[in-house]
Amino acid sequence: MATKILIPTPLRPFTDKKDAVEAEGKTVGELLADLTTKHSGLKAHLYNAEGKLRSFVNIYVNDEDIRYLQKEQTPIAAGDTVSIIPSVAGGAPPVSNVSGGRSV
Amino acid sequence: MTKQTLLCDAGIDGEIRRHGEETYPHECCGALVGSGNRVTATVALPNTTEEGPRRRFMVRPSDYRVAEQKASELGGDLLGFYHSHPDHPARPSQYDLDHAWPTFAYIIVAVAQGKSAAMTVWYLKEDRSAFDEGELNGN
């Protein structure tokens, strides 16, 4: 069963510039595994080194955040649409680091 | 390596600086809209961080959607985001790096004692190891 996944702007270079692609899976976890197999450049931006979804990566099934469903075990039904929606975060280092100048 | 250049239409520089001064001592944030490497509009967004807005900013998913929708309405693309560093240099932090998205331009404006100062632009390296500094060519 192919499920439509909506891709946000910063990840489209890894999906041949497409804003929507299809992947297979019975759960969100399976779906994302298939997605990152088909589009391998996505993996480093969706998952951290421990293989967990990065905190600023939000996955929605239809209009529901999977954090409030069954996370990556959330089942996928026919006709569902999955969206990857970024949070964008950042900020200055703590005050104690200010004198350190360049921080990356 | 050639630096990526981000061109800003007239007024963009001032909009970002003003936003940073208005929210001082808190961080401001907003989206950059345009086409290719030219920013033609900004979309000011609320800083919804729960970690202290003097040192953090957060664009929640619903506001990210607003930014993409606004970009589409304006006939452009979402090119990246801007934020301010109150009383801190316009250089990305480790926290910025940890939370960065690829391909986006990240403008940082330093705001010192309420007055905007240096403004820079950064791009995440593909391997996420660091940022590359770009060239910000206003007006």
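This is a short tour of a predicted model, moving from the sheet of chain A to the place where chain A meets chain B. Residues are numbered from 1 along each chain as its sequence is written, while chains are lettered from A in the order in which they are written. Local features need pLDDT of at least 70, and side-chain atom pairs count only at pLDDT 80 or more, whereas totals for chains, interfaces and linings use all residues.

Select the strands of chain A (DSSP runs of E, at least two residues, numbered from the N terminus), where an open sheet of 5 strands follows the order β2-β1-β5-β3-β4 with mixed pairing; strands pair if DSSP finds at least two bridges between them. Since β2(A) and β4(A) (64-65) stand at the edges with a single partner strand each, one side of each is left without a neighbour in the sheet. Next pick β1(A) and β5(A), which run parallel and are joined by 3 bridges, with I5(A) standing opposite V82(A).

Now add helix α1(A), residues 28-38 (helices are DSSP runs of H or I, at least four residues), which lies across β1, β2, β3 and β5 of chain A and runs at about 115° to β2(A), the angle being taken between N-to-C directions, from 0 to 180 degrees, of axes fitted to C-alpha atoms, for helices over the stretch in contact.

Finally, show chain B: 22 residues of chain A are in contact with 34 residues of chain B, contact meaning that C-beta atoms, placed from the backbone, lie within 7 Å. On the chain A side, β6(A) gives the most, with 3 residues. Strand β6(A) runs antiparallel to β4(B), residues 57-59, through 3 bridges, and V88(A) stands opposite V59(B).

Conventions. Contact = placed C-beta atoms within 7 Å.
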